[in-house]
Each structure stands twice: as C-alpha cells, then as structure tokens.
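Please consider the protein model shown below. The paragraphs that follow lead from its aromatic side chains to its core, its internal space and its charged pairs.

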Amino acid sequence: MVLLRNGQVLQVVGYHVISERKTRPVIQNQKLRFRIRTRLTVDRIGEGPHKQYIWITTHNADGTYASYVEAGLFEGLTVAQGWVTSEVIINAYELRGNNTWSEWRLMVGINGYNTDADTETQQIQFIDIEDVTSELSAQVSATAAASSAMTATAQSTAATQYASAAETSAITAATRAGE
C-alpha cells in the first residue's frame, strides 16, 4: 500500500489517525513489514518526545470491531532530522495471543497519542506494507546453514588435530618399543 505518489505529501497538524479501509485475515507465521517515510516541519512544544503509534485494529469473524493492539512506536522525531524512514515487522497472529479475533487492519496515530499535539506538523511521503514472510524465512535458513558450515569446519579441524596427536603418539610408542 503506497499512500502518496508523484512527489505529493500528506500534511497533518495535531493528532490524527489514518487507517486501511479493508481488513486482512490473521495468518499464522505471516510477517508484514510496515514502513513510513515522514518528517516534522514544526516541532512539538509540549513535554516529552514526538510519538507515532502503529496499531492494528482487530475484528471478529463477523466483521465487528474487537479492540486495537499496539504493533509499534516511533519516538523522538524532530524537525532537524529531516525525512526519516521507520519500519516495524508485524505478525498479527503473535499479537493476537489468546484472543479470538480473526481479522485486522493497520492504523497509524499521526503525531502520537498526545493531548498537547496541536502544534506538531508532520508530513508523510509514503506508507508501505510488504509481506516479508518468505524473505525472513530465507534469512533464518541462511543463518542456520552458515552455522552448520562453521560447526562442520570446527569439527573437521578438531578431527585433524586428533589424528595428528594419534600419529605422534603412535610414533612415540613405536620408538619406545624399539629401544
């Protein structure tokens, strides 16, 4: 999902929520990468850092609203940083826990969930959601393969050392036997 294109930005003053229109099914082991490219053009004047919440709204099988769950929090954005791309990996199945909801949709709290956010002005260049389940599984497999290769190399080195030690012991024993 890309919100904006052709150099456009969405500008938000104060606290607002944006959300997907359609729900997504909860799929076991599915992992989605949420990315947002944003900047502040007016810093907050209240206490504490700027906050941007990433939530998922949850829905029952019949489509009724169930609740919302925090999926990520980006804190501390300032005007001085310029454009910043932030990301979080979302696994709705894990976030569900023991709850029974079966659908969800992304919801973003622009300029935090702050009572004093009226002065903050934030621009959003894009919001993107990408299924990275296969990519992350491949990374885990590659890491496991590299670990196995390292273990095999270490065991081969140890076997060579043991063989060398055995050969030295055999030579020493033969030398002593011949004395």
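In this predicted model, one aromatic cluster is formed by Y53, W55 and Y68. The structure holds two aromatic pairs. In one of them, the rings of Y53 and W55 have their centres 5.3 Å apart and their planes at 5°, so this pair is stacked. The limit for that label is an angle of under 30 degrees between the planes. W55 also pairs with Y68, with 5.5 Å from centre to centre and 70° between the planes, an arrangement that is edge-to-face. The pair of W55 and Y68 links distant parts of the chain, since W55 belongs to strand β5 and Y68 to strand β6, 13 residues apart.

Which members of the cluster are buried, and which is partly exposed? Y53 has a relative accessible area of 13% and is therefore buried. W55 counts as buried as well, with a relative accessibility of 5%. Y68, in contrast, is partly exposed, because its relative accessible area is 42%. The reasoning rests on one cut-off: a residue is called buried when its relative accessible area is under 20%.

The next topic is the nonpolar interior. In soluble globular proteins, nonpolar side chains tend to be buried together. Here, the largest nonpolar core has 21 residues. The residues with the most contacts inside this core are F34, I54, I56, I90, W104, L106 and V108. Six strands give two or more residues each to the core, namely β4, β5, β6, β7, β8 and β9. The largest share comes from β8, which contributes four residues.

A further question is how much space is left inside. Rolling a probe the size of a water molecule over the atoms shows where empty space is left. A search of the whole structure finds one cavity of 30 Å³ or more, and the volume of the largest cavity is about 30 Å³. Which residues line this largest cavity? The lining consists of I27, Q30, L32, I90, N91, A92 and W104. By type, these residues divide into five nonpolar and two polar, with no charged residue in the lining. I90 and W104 have already appeared among the core residues with the most contacts, and both also line the cavity.

The charged side chains come next. Side chains of opposite charge can pair when their charged atoms come close. How many salt bridges does a search of the whole structure find? The search finds six. One of them joins R24 and E20, whose side chains meet at 2.6 Å, N to O. R24 is partly exposed, with a relative accessible area of 22%, whereas E20 is buried, with a value of 10%.

Another salt bridge connects E130 with R33, the closest N and O atoms being 3.4 Å apart. This pair links distant parts of the chain: E130 is in strand β9 and R33 in strand β4, 97 residues apart. E130 counts as partly exposed because its relative accessibility is 34%. R33 has a relative accessible area of 14% and is therefore buried.

A third example is the salt bridge between E120 and R44, with 3.3 Å between the closest N and O atoms. This pair, too, links distant parts of the chain, with the two positions 76 residues apart. E120 lies in the loop between β8 and β9, and R44 in the loop between β4 and β5. E120 is buried, with a relative accessible area of 0%. R44 is also buried, at 13%. Salt bridges that share partners, moreover, join R33, E87 and E130 into one network.

One backbone feature remains. N29 has a positive phi of about 70°, although this residue is not a glycine. Where does N29 lie? N29 is in the loop between β3 and β4. N29 is exposed, because its relative accessible area is 51% and the class of exposed residues begins over 50%.

Notes. Residues are numbered from 1 along each chain as its sequence is written. This is a predicted model: local features need pLDDT of at least 70, side-chain atom pairs count only at pLDDT 80 or more; totals for chains, interfaces and linings use all residues. Side-chain values use heavy atoms; hydrogens and water are left out. Buried means under 20% relative accessible area, exposed over 50%, partly exposed in between (1.4 Å probe, protein chains only). A nonpolar core is a set of buried Ala, Val, Leu, Ile, Met, Phe, Trp, Tyr and Cys residues joined through side-chain atoms within 4.5 Å. On a 1 Å grid over the protein atoms alone, a cavity is a set of points where a 1.4 Å probe fits but cannot get out, and a pocket is an open set with protein on both sides within 12 Å along at least five of seven lines; lining residues have an atom within 4 Å of a point. Grid points are joined across faces, edges and corners, and a volume is the space filled by probe spheres set on the points. Ala, Val, Leu, Ile, Met, Phe, Trp, Tyr, Cys and Pro count as nonpolar, Asp, Glu, Lys and Arg as charged, and the others, Gly among them, as polar. A salt bridge is a side-chain nitrogen of Lys or Arg within 4 Å of a carboxyl oxygen of Asp or Glu. Rings of Phe, Tyr and Trp (its six-membered ring) pair if their centres lie within 6.5 Å; planes under 30 degrees apart count as stacked, over 60 as edge-to-face and the rest as tilted.
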